[in-house]
Amino acid sequence: MKTKICHTCQKDDDVMYRIQFSGSKQWVFCCKSCTQHHQSDINYRYGGTWKGNRH
């Protein structure tokens, strides 16, 4: 099973969420808890779910 490292907390996980926040045009992968934290940002955008068990 593959993993990715969260852009915010540096924790690695096998399920990550592709998001944009803080007005940045860059897409980053974040874990579930960090994604929920960033959802309050006015510039938050969701771009899909990455699952390590499918790759």
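Trainee: How many bridges join strand β3 to strand β5, and which way do the two run?

Mentor: In this predicted model, strand β3, which covers residues 15-20, is joined by five bridges to strand β5, which covers residues 45-51, and the two run antiparallel. To pick out one position, Ile-19 has Tyr-46 in β5 as its bridge partner.

Trainee: And what joins β3 to β4?

Mentor: Three bridges join β3 to strand β4, which is made of residues 28-30, and these two strands also run antiparallel. Here you can look at Arg-18, whose bridge partner in β4 is Phe-29.

Trainee: What is the order of the strands in the open sheet, then?

Mentor: The order is β4-β3-β5, in an open sheet of three strands with antiparallel pairing. The strands at the edges are β4 and β5, each of which pairs on one side only, and neighbouring strands of this sheet are turned against each other by 35° on average, when direction is ignored. As general background, strands of a sheet pair through backbone hydrogen bonds, either parallel or antiparallel.

Trainee: New topic: which residues make up the largest nonpolar core?

Mentor: That core has eleven residues, namely Cys-6, Met-16, Tyr-17, Ile-19, Phe-21, Val-28, Cys-30, Cys-31, Cys-34, Tyr-44 and Trp-50. The elements that give two or more residues to the core are β3 and β4, and the largest share, three residues, comes from β3. In soluble globular proteins, nonpolar side chains tend to be buried together.

Trainee: What does Cys-6 touch?

Mentor: If you do not count residues up to four places away in sequence, Cys-6 touches Lys-11, Met-16, Phe-29, Cys-30, Cys-31 and Cys-34.

Trainee: With those cysteines about, how many disulfides does the structure hold?

Mentor: It holds zero disulfides. Take Cys-9 as a case to reason through: the closest cysteine sulfur, in Cys-6, is 3.7 Å from the sulfur of Cys-9, and a disulfide needs the two sulfur atoms within 2.5 Å, so this pair is too far apart for a bond. Cys-30 is in no disulfide either, and its nearest cysteine sulfur, again that of Cys-6, is 4.3 Å away.

Trainee: Are Cys-9 and Cys-30 buried or exposed?

Mentor: Cys-9 has a relative accessibility of 38%, so it counts as partly exposed, whereas Cys-30 is buried, with a relative accessible area of 0%.

Trainee: Okay, on to His-38: where is it found, and what does it contact?

Mentor: His-38 is found in helix α1, which covers residues 32-38. Leaving aside neighbours within four places in sequence, His-38 is in contact with Thr-8, Ile-19, Phe-21, Cys-30 and Tyr-44. With Thr-8 there is also a polar contact of 3.0 Å that joins the two side chains.

Trainee: Why does His-38 count as buried?

Mentor: The relative accessibility of His-38 is 10%, and buried means under 20%, so His-38 falls in that class.

Trainee: What about Asp-13: where is its place, and what is it in contact with?

Mentor: Asp-13 has its place in strand β2, which consists of residues 12-13. Apart from neighbours within four places in sequence, Asp-13 is in contact with Lys-2, Thr-3, Lys-4 and Trp-50. Its relative accessible area is 24%, so Asp-13 is partly exposed.

Trainee: How far apart are Asp-13 and Trp-27?

Mentor: They are 14 residues apart in sequence, and in space the C-alpha to C-alpha distance is 17 Å.

Trainee: Last thing, which residues other than glycine have a positive phi here?

Mentor: Among them are Gln-10, with a phi near 70°, and Ser-22, with a positive phi of about 60°. As a rule, most residues other than glycine have a negative phi.

Trainee: Where are Gln-10 and Ser-22 found, in terms of strands and loops?

Mentor: Gln-10 is found in the loop between β1 and β2, and Ser-22 has its place in the loop between β3 and β4. Gln-10 is exposed, with a relative accessible area of 54%, and Ser-22, at 53% relative accessibility, counts as exposed as well.

Methods. Residues numbered from 1 in each chain as written. Predicted model: local features only at pLDDT ≥ 70, side-chain atom pairs only at ≥ 80, totals over all residues. Heavy atoms only, no water. Pairing = 2+ DSSP bridges. Helix = DSSP H or I, 4+ residues; strand = E, 2+ residues; numbered from the N terminus. Buried < 20%, exposed > 50% of the residue type's maximum accessible area, 1.4 Å probe, protein only. Contact = heavy atoms within 4.5 Å. Axes fitted to C-alpha atoms, helices over the stretch in contact; angles between N-to-C directions. Polar contact = N/O pair within 3.5 Å; in protein donor to acceptor, adjacent residues only side chain to side chain. Core = buried A, V, L, I, M, F, W, Y, C linked by side-chain atoms within 4.5 Å.
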